[in-house]
Amino acid sequence: VYSQQTQHSNVKVALSLGGDSVGGSSAYFNPSSVDSWVSNAVSSLSDIIKQYNLDGIDIDYEHFQADPDTFTECIGRLITTLKNNGVISFASIAPFDDDEVQSHYQALWKSYGHIIDYVNFQFYAYDEGTTVSQFMNYFATQRSNYEGGKMLASFSTDGSGGLSPDNGFFTACSKLKSKGELAGIFVWSADDSKSNGFKYEKQSQALLAISH
């Protein structure tokens, strides 16, 4: 992290919380109480973020054993405290189109959307073979669900689903950019991109650098 930041002063690095699984089992959001979860999360994350000179956090819980209100208060208070303490400069969320996931993240957005900087929506969780037209409709729907948020378009380099670069992802992004709706591009994942020299990440950067 330090090496990248010294070579590229504009690089920001976030720590991601949650994810799909740990050790082959689903990773559940399951706090014993809001107060204890927030206290423990603030303490441990502050130490890690300061130790590794990180800049932000990305909320990526995908499985839940807590209701939307509990999730909202835990995550909202965590982000608020870390920002107020000067520990992080940005926070993002990474929902996808699933009823349970959306119920939790939209509740969070309703109460704390004003402190969330980016919505890294997992558009690659839609069906493989998504068309440009379908992608544009999905993007419009999620912009409405997270109204006022900086919505990132996303694709996967592991071929798992959604609109792929070979099928028109960058065409869709160009259309969104021309309308002033593209806040950035989210790529999953670096592990799969490494073998082709991060070809599509470079293409993403080039597109975002174009001024309209």
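With which side chain does the side chain of Glu 62 make a polar contact? The partner is the side chain of Gln 122, at 3.3 Å, where a polar contact is a pair of N or O atoms within 3.5 Å, one able to donate a hydrogen and the other to accept it, with residues adjacent in sequence counting only if both atoms are side-chain atoms.

The model is predicted, with local features requiring pLDDT of at least 70 and side-chain atom pairs pLDDT 80 or more, while totals for chains, interfaces and linings use all residues. Residues are numbered from 1 along each chain, and side-chain values use heavy atoms, without hydrogens and water.

Glu 62 is buried (under 20% relative accessible area, 1.4 Å probe, protein chains only) and has no salt bridge (a side-chain nitrogen of Lys or Arg within 4 Å of a carboxyl oxygen of Asp or Glu); Lys 83, the nearest side chain of opposite charge, is 21 Å away. Among the residues that Glu 62 touches (heavy atoms within 4.5 Å) are Phe 96 and Val 101.

Val 101 is also one of the buried residues of helix H4, whose buried residues pack against these elements, given as DSSP runs (helices H or I of at least four residues, strands E of at least two):

| Element | Residues |
|---|---|
| Helix H3 | 68–84 |
| Strand E7 | 90–93 |
| Strand E8 | 118–119 |
| Helix H5 | 132–145 |

Strands E5 and E6 also belong to this list, and Glu 62 lies in the loop between them. At the start of H4, a side-chain oxygen of Asp 98 reaches to within 3.1 Å of the backbone nitrogen of Glu 100.

Definitions and conventions. Buried means under 20% relative accessible area, exposed over 50%, partly exposed in between (1.4 Å probe, protein chains only). Lys and Arg count as positive and Asp and Glu as negative; His and the chain ends are not counted. Lists of a residue's contacts leave out its neighbours within four places in sequence.
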